[in-house]
Amino acid sequence: MRRSVVFLLVLLILGPALLFAGGRQEAAEEPSGDLKGEVEVLHWWTSGGEAAAVEVLKELLEAEGHTWVDFAVAGGGGDAAMTALRSRAVAGNPPTAAQVKGPQIQDWAAEGFLTNLDPVAEAQGWDNVIPEVLADVMKYEGHYVAVPVNVHRINWMWVNPDVFEAAGAEIPTTWEEFEEAAEKIEAAGYIPVAWGGQDWQEATVFETILAGVGGTDFYVETMVDADPEAIDSPKMIEVLETLRMVHGYTDPGAPGRDWNMATSMVIEGDAAMQFMGDWAKGEFVAADQKADEDYIAASAPQTAHQFLFNVDSFIMFEVDDPADKAAQRAMARLIIEPEFQEVFNTYKGSIPVRMDMDDEPFDIPAKKSMRDFAASADSGDLVPSMAHEMAVDRAVRGAILDTITTFVNSPNISPREGAKMLADAVRGAAR
Ligand code: BGC
């Protein structure tokens, strides 16, 4: 069902209550800090690294006397979680907090569901520590309605150095070098690329290739502005040719595989590399692997100067009980506190959303990510991830994901046809 239809349904069912809630968004009466309440938190952090990370928040909240009710919906990339969230909202019973990202935050706020977090933001000075490009995503009409948790980078390549060495291959920095390396790795009896055959994972690899092959301007034209003319172009054909070439170095078990299972293949030494966002690092950390020894976190080929960002965030729904509201406020505050930012991000693979934190306690990949974030912001190569819902609206993203997955899994569709299909799909979705 299209998002707009869902919201219409929600409005019809909850109309009067929403109007009331909308009014309260402005009133922002603060509950007493002594009250102890409950938060029900919807998220999709269920892999080893993710679960360890979310536990940090739960423990901090419980240490303040509040109760955490876990509403975890498994499914990488969060599409299943978003479906669950919409059905709870349609039933008039949304959770207290939900992991929602990018433009969807604005949609929920526009419908009057969300509580105004300005009092917490002002008390902690969010505007002074969160970069504007990220803070803007958290605001609706100038008010904070979501709390950012972290910054993930998409365009990574997770490498098993032993497999590369055994195959006599070099870690690639271009797609041409990738092909040379992949040939050697395959000849040595390893799987070159650990691939998770799910639409959002294929879109993750697609946008990474697109950024490198097409360049940052092309990325913005196609994945942010979703311009059909830019999409149906020779550059896109080249991107799809590269995607097909990379897909040729995966194994027959890829269809349907979860991303963390693909990461395990690299950890176990069955596969040489995986293209995935840095939540994959959480799996290396959970498996006690050391960066630059057991694994290497490198920028994906041709994207060293780029940073495709993906910010996790929680929206908070309007609640009646002052104790639950106090718990909700506590959750928002704890998320921004440096203690949480340091420990959570170490497990999660991401970097802090606060820019005033020392990088000293962080590991090698996180330090690199922090440096690359700053450098890409300066050079104009910091761009939002399409696959991870930071760039285009849900309908356009859905159209891109469907087309890319169809292309990847249909060798009879040529890259030229694929580029045209993609442009048509985006045109149809944007209507
Ligand atoms: C989220 C990450 C999560 C990953 C895999 C991404 O969209 O931002 O927090 O770990 O999906 O589920």
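Me: Into which domains is the chain divided, and which residues belong to each?

Reply: In this predicted model, the chain is divided into domain 1, made of residues 5-152 together with 310-379, and domain 2, made of 156-308 together with 387-430. The C-alpha centres of domain 1 and domain 2 lie 28 Å apart, and the contact takes 34 residues from domain 1 and 28 residues from domain 2.

Me: How should I read the area buried between domain 1 and domain 2, and what share of that area do carbon and sulfur atoms give?

Reply: The buried area is the accessible area that two parts lose on being put together, summed over both. Here the area buried between domain 1 and domain 2 is about 2,500 Å², and carbon and sulfur atoms give 56% of that area.

Me: How many salt bridges does the rule find across the interface of domain 1 and domain 2, and how many residue pairs are in polar contact there?

Reply: The rule finds 3 salt bridges across the interface of domain 1 and domain 2, and it also finds 10 residue pairs in polar contact across that interface, with both residues at pLDDT 80 or more. On the side of domain 1 that touches domain 2, at least two residues each are supplied by α2 (48-63), α3 (79-90), α4 (103-110), α17 (338-348) and α18 (364-379), and α18 gives the most, with 9 residues. By class, that side of domain 1 has 11 nonpolar, 15 polar and 8 charged residues.

Me: Turning to single residues, is Gln274 buried or exposed, and which side chain does the side chain of Gln274 join in a polar contact?

Reply: A residue counts as buried when its relative accessible area is under 20%. Gln274, whose place is in strand β10 (residues 271-275), has a relative accessibility of 1% and therefore counts as buried. The side chain of Gln274 is joined to that of Thr263 by a polar contact of 2.7 Å, and, leaving aside neighbours within four places in sequence, the residues in contact with Gln274 include Trp156, Trp158, Trp259 and Val266.

Me: Where does Asp227 lie, and what is its relative accessible area?

Reply: Asp227 lies in the loop between α11 (216-224) and α12 (228-231), and with a relative accessible area of 31% this residue is partly exposed. Not counting residues up to four places away in sequence, Asp227 touches Glu221 and Thr222. The C-alpha atoms of Asp227 and Val426 are separated by 8.1 Å, although these two residues are 199 residues apart along the chain.

Conventions. Residues are numbered from 1 along each chain as its sequence is written. This is a predicted model: local features need pLDDT of at least 70, side-chain atom pairs count only at pLDDT 80 or more; totals for chains, interfaces and linings use all residues. Side-chain values use heavy atoms; hydrogens and water are left out. Domain bounds come from an automatic or database domain assignment. Contact means heavy atoms within 4.5 Å. Buried area is the accessible area (1.4 Å probe) that two parts lose on being put together, summed over both. A salt bridge is a side-chain nitrogen of Lys or Arg within 4 Å of a carboxyl oxygen of Asp or Glu. A polar contact is a pair of N or O atoms within 3.5 Å; within protein, one must be able to donate a hydrogen and the other to accept it, and residues adjacent in sequence count only if both atoms are side-chain atoms. Helices (H or I, at least four residues) and strands (E, at least two) are DSSP runs, numbered from the N terminus. Ala, Val, Leu, Ile, Met, Phe, Trp, Tyr, Cys and Pro count as nonpolar, Asp, Glu, Lys and Arg as charged, and the others, Gly among them, as polar. Buried means under 20% relative accessible area, exposed over 50%, partly exposed in between (1.4 Å probe, protein chains only).
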